[in-house]
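Hello,

Here is the structure I promised to pass on to you. Please have a look at it first, and then read my notes below.

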Amino acid sequence: MVNVHDAPPLEVDGLVKRYGRALAVDGLSFRVSAGEIVGLVGPNGAGKTTVMRCCVGILRPSAGSVRVGGHDSVAAPSEARRQMAFVPELPSLYPLLTVAEQIEFIARSYGPLAADFAERREALLRRFDLWPQRAKLTDSLSKGMRQKTALVAAFLHGARVILLDEPLIGVDPAGIRQLKDLLLEARAGGAAIVVSTHLLDTAERLCDRILVLQAGRKRAEGSLADLRAAAEGFGDATLEEVFMELTKE
Ligand SMILES: Nc1ncnc2c1ncn2[C@@H]1O[C@H](COP(=O)(O)OP(=O)(O)OP(=O)(O)O)[C@@H](O)[C@H]1O
Ligand SMILES: [Mg+2]
């Protein structure tokens, strides 16, 4: 019996995901500790989105397991989900909800609203320059505004595990700075964070640890120094150079 209080925030163990006969994730294991930002990088089709969708319980693993704070994502989905926040690659918003309503809707899907919900929502909307848009229908938002709306909802409830799939795409420089600050604040508050990205310079600067995924398998994992060691002869290379070496055919 796992003591859920001692369990790591996120534990992926031997995860396999098949779409029909196609193998998208092939026996992946990793853990994320409290106060850690892990970068999930890998070529298009490597399985990053699939891993995140399994972690959050949208997809059921074909084999292996995901535990969130000790709660199995299949056996105890609502306990697992309550501790997480997830922003997908292309957040789907309800066109006829206002920005403020959409954020409340997402927040309620994770569990009961906190007493200070309205204040927190306002503070986050202001940080992302979305406060003037709060009463607009989401249908009328620009791409970056849609992304920021989903990000506000993700940072609202103090989630123990935060999963962001390509969160920087479409967000303006001021928004990117806010997002980075929010990630660092969440990390300081003990959140376990996974960010998938193709922006390797950002991953290099922001993440405590990088997990390189290729064809559904872990190619390398660790600090930039660890990855350099994994790519022999890349002693002082950038993450981009190491990535190219590790993922070349
Ligand atoms: N709904 C689906 N049905 C069938 N195959 C899928 C489905 N979703 C993903 N795949 C396949 O699973 C593999 C992994 O896809 P996934 O979207 O997880 O990759 P990714 O690393 O997120 O890629 P990208 O960098 O392009 O976002 C790919 O081969 C993809 O074609
Ligand atoms: Mg993806």
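**What I found**

Not counting neighbours within four places in sequence, Val 68 is in contact (C-beta atoms, placed from the backbone, within 7 Å) with Pro 9, Leu 10, Ser 73, Ala 80, Gln 83, Met 84 and Val 161. This is a predicted model, where local features need pLDDT of at least 70, side-chain atom pairs count only at pLDDT 80 or more, and totals for chains, interfaces and linings use all residues. Residues are numbered from 1 along each chain as its sequence is written, while chains are lettered from A and ligands numbered from 1 in the order in which they are written.

Val 68 belongs to strand 4 (residues 63-68); strands (E, at least two residues) and helices (H or I, at least four) are DSSP runs, numbered from the N terminus. With 29 other C-beta atoms within 10 Å, Val 68 is buried; the cut-off for buried is 20 or more, with 12 or fewer for exposed and partly exposed in between.

Now to the core. The largest nonpolar core (buried Ala, Val, Leu, Ile, Met, Phe, Trp, Tyr and Cys residues joined through C-beta atoms within 7 Å) has 67 residues, and Met 84 and Ile 193 are among those with the most contacts inside it. Helix 5 (residues 143-154) gives the most to this core, six residues.

Lastly, helix 9 (residues 239-246) has Leu 239, Val 242 and Phe 243 as its buried residues. They line one face of helix 9, because they fall within an arc of 100° seen down its axis, taking directions from the helix axis to the C-beta atoms.

Best wishes

Key
Two residues are in contact if their C-beta atoms, placed from the backbone, lie within 7 Å.
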